[in-house]
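Colleague: Could you walk me through a strand and a helix in this one?
Modeller: Gladly; here it is.

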Amino acid sequence: MYDLRGYVAVVTGGSSGIGLATVEALLEAGAAVALCGRDPDRLAAAEQGLRRRWPDARLLADRCDVLDKASVDRYAARVEAELGPADILVNNAGQGRMSTFESTDDAAWEHELRLKFFSVIHATRAFLPQLRASRAPAVVCVNSLLAVQPEPYMVATSAARAGVHNLVRSMATEFAPDGVRVNGILLGLVESGQWRKRYAERETPEQSWEDWTAALAARRHIPLGRLGLPEEAARAILFLATPLSSYTTGTHIDVSGGHNRHA
């Protein structure tokens, strides 16, 4: 693992799932880490667990709404004041919307596009001045395989994810003269609270989590035959966030267990 002592990393949506796994990986590597989220209870629980495991870590957990520019600007200022200028920014906010073209009204379209774009735009704008001063700055955007392999039952999310895929490339080109690298990951199906909830509502109570997820993977034609783990996504993020990938910008790592069929 790359030694990140002396680095400051920021993770949006860092209180659960892939975001929390990424915070854990960054702390394990020695970085000072700021995480944020909207749910104060979930954020407090995450912070408590992290401080138990890394009692000496430089850690900042702060409530922040990435769709509120003022909130993000305040968060960026607090990170710089308490931990120092950011070297790494992980844009991880946003969930998927299940809907078809016919069932997605204008308000849903506007919400989904705003969430996917401005969760990246606000945070990147706020932290870019800090990143430009770093010796090894990196931005990593957590995206979905839907960006290149859209699904008709997730039409709004697929379209928004495709836009963020393009945005990563545009930002990478624009920021390259300043040495700021911008990359992303493309997620397939990863274990999450959402999948655990669906498992709890399954029609066959006797079926184990392992068997249920294996059947799901088979239906979705995932060659590795299982869902991904949050820590597997976090390791890909960590690679792109560190100088291990120092000559990589404007691209994405596929983290889908072979589910990718677009190439």
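**Strand β6 and helix α2**

Modeller: In this predicted model, both faces of β6 are covered, with Arg 181, Asn 183, Ile 185 and Leu 187 buried on one side and Val 182, Gly 184 and Leu 186 buried on the other.

Colleague: And how many residues of β6 are buried overall?

Modeller: For β6, which spans residues 181-187, 7 of the 7 residues are buried, so the strand is largely enclosed by the rest of the structure.

Colleague: Which way does β5 run relative to β6, parallel or antiparallel?

Modeller: Strand β5 (residues 138-144) and β6 run parallel and are joined by 7 bridges, and in one of these pairings Ala 138 has Arg 181 as its bridge partner. Between the two strands the chain passes through helix α5 (residues 155-175), making a β-α-β crossover that is right-handed.

Colleague: What about β7?

Modeller: Strand β7 (residues 252-255) also runs parallel to β6, with 4 bridges joining them, and Ile 185 is partnered there by Ile 253.

Colleague: Switching to α2, which of its residues are buried?

Modeller: In α2, the buried residues are Leu 43, Ala 46, Gly 49 and Leu 50. Viewed down the axis of α2, they fall within an arc of 130°, so they line one face of the helix.

Colleague: What do they pack against?

Modeller: The buried residues of α2 pack against α1 (17-28), β2 (32-37) and β3 (59-63), whereas the face turned away from that buried side carries the exposed residues Asp 41, Gln 48 and Arg 52.

Colleague: And what happens at the start of α2?

Modeller: There, a side-chain oxygen of Asp 39 comes to within 3.0 Å of the backbone nitrogen of Asp 41.

Notes
Residues numbered from 1 in each chain as written. Predicted model: local features only at pLDDT ≥ 70, side-chain atom pairs only at ≥ 80, totals over all residues. Heavy atoms only, no water. Buried < 20%, exposed > 50% of the residue type's maximum accessible area, 1.4 Å probe, protein only. Arc of directions from axis to C-beta. Contact = heavy atoms within 4.5 Å. Polar contact = N/O pair within 3.5 Å; in protein donor to acceptor, adjacent residues only side chain to side chain. Pairing = 2+ DSSP bridges. Right-handed = clockwise from strand over helix to strand, strands pointing away.
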